[in-house]
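Please read the following account with the structure open beside it. It moves from one charged pair outward to the strands, the helices and the surface.

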Amino acid sequence: MDSVKKEHSYTYWVKNDPNHPKIDCQPKKVEDPTQVQQVQTIGSQWNVSGTWEEKKVPMNEIKKSLENIIGMKIGQTKISAVESVDGEAHLFLSRGKIRMGYHLKITFALEDDGQIKYTDFTDDGDRDYILEDVADETVKHQIEDLHLKTKEFVEVFKS
């Protein structure tokens, strides 16, 4: 037997083939920065292909966004304040698309000392709410407008 060991590598066929063109794989310094192609990503720089990324949305940011609803007329009264926002909200980047998931409890104060409490406001369409001390019956008939506005201002973080 031959006592000389042969070198093996995954490119052994390139080294030994005289007909294979030589490829220069050495890095080259780019002199002109305009020649460098910058990849635009939706999420983080490391996630170029946009596979999966998750980011928590702070409740104080959602509350600040919902304050745009203050002054909205609902029935014969208006929304006077966003008293509380609890729960959790996340932005998800999945397959190149931004989605938002949330499960919130929101309390709106009305000018006539009543409250609209969302006990369950979720991204899948649940809109469980309680009207407390609301004398105006027309509020119940116009609550859908509040649902849509609330969803709009919660999901503003998607863009």
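Glutamate 132 has a relative accessible area of 29%, and because buried means under 20% and exposed over 50%, glutamate 132 counts as partly exposed. The model described here is a predicted one. Glutamate 132 makes a salt bridge with lysine 117, with 3.4 Å between the closest N and O atoms. Lysine 117 belongs to strand E5 (residues 115–122) and glutamate 132 to strand E6, so this pair ties together parts that lie 15 residues apart in sequence. The lysine partner is also partly exposed, since lysine 117 has a relative accessibility of 26%.

How many salt bridges does a search of the whole structure find? The search gives four. Another of them links lysine 140 and glutamate 137, whose closest N and O atoms are 3.5 Å apart. Lysine 140 is partly exposed because its relative accessibility is 46%, and glutamate 137 falls in that class because its value is 47%. A further salt bridge joins the side chains of glutamate 152 and lysine 149, at 3.7 Å from N to O. Both glutamate 152 and lysine 149 sit in helix H4 (residues 143–154), where they are three residues apart, about one turn of the helix. Glutamate 152, at 44% relative accessibility, counts as partly exposed, and lysine 149 is partly exposed with a relative accessible area of 34%.

These pairs can now be placed in the chain as a whole. The protein chain holds four helices and six strands. Read from the N terminus, the order of its elements is α-β-α-β-β-β-β-β-α-α. The protein chain has 159 residues, of which 30% count as buried.

Several of the strands are connected through E3. Strand E1 (residues 52–56) pairs with strand E3 (residues 77–94) in the antiparallel sense, over five bridges. Within this pairing, glutamate 54 is opposite phenylalanine 92 in E3. Strand E2 (residues 73–74) also runs antiparallel to E3, and two bridges join them. Here isoleucine 74 has threonine 77 in E3 as its bridge partner. E2 and E3 make a hairpin with two residues between them, and in its turn glycine 75 has a positive phi of about 70°.

On the C-terminal side of E3 comes another hairpin. Strand E4 (residues 97–110) pairs with E3 in the antiparallel sense over 14 bridges. Phenylalanine 92, already met opposite glutamate 54, has arginine 99 as its bridge partner in E4. Two residues lie between E3 and E4 in this hairpin, and arginine 95 in the turn has a positive phi of about 55°. Most residues other than glycine have a negative phi.

Two aspartates also have a positive phi. Aspartate 113, in the loop between E4 and E5, has a phi near 70°, a positive value in a residue other than glycine. Aspartate 113 counts as exposed because its relative accessible area is 67%. Aspartate 133 has a positive phi of about 55°, although this residue is not a glycine. Aspartate 133 lies in the loop between strand E6 (127–132) and helix H3 (138–141). With 63% relative accessibility, aspartate 133 is exposed.

Where do these two aspartates appear on the surface? Both belong to a negative surface patch, formed by Glu111, Asp112, Asp113 and Asp133. The loop between E4 and E5 thus supplies Asp113, while the loop between E6 and H3 supplies Asp133.

The surface also carries a patch of positive charge, in which Arg95, Lys97, Arg99, Lys151 and Lys158 gather. Among these residues are two from the hairpin described above: Arg95 in the turn between E3 and E4, and Arg99, the bridge partner of phenylalanine 92. Lysine 151 comes from helix H4, the helix that also holds the salt-bridged glutamate 152 and lysine 149. Lysine 151 is partly exposed because its relative accessible area is 32%.

Notes: Residues numbered from 1 in each chain as written. Predicted model: local features only at pLDDT ≥ 70, side-chain atom pairs only at ≥ 80, totals over all residues. Heavy atoms only, no water. Patch = residues over 30% accessible without salt bridge, like charges linked within 9 Å, V, L, I, M, F, W, Y side chains within 5 Å. Areas by Shrake-Rupley, 256 points an atom, 1.4 Å probe, with all protein chains shown as cover. Lys, Arg positive; Asp, Glu negative; His and termini not counted. Charge placed at Lys NZ, Arg CZ, Asp CG, Glu CD. Buried < 20%, exposed > 50% of the residue type's maximum accessible area, 1.4 Å probe, protein only. Pairing = 2+ DSSP bridges.
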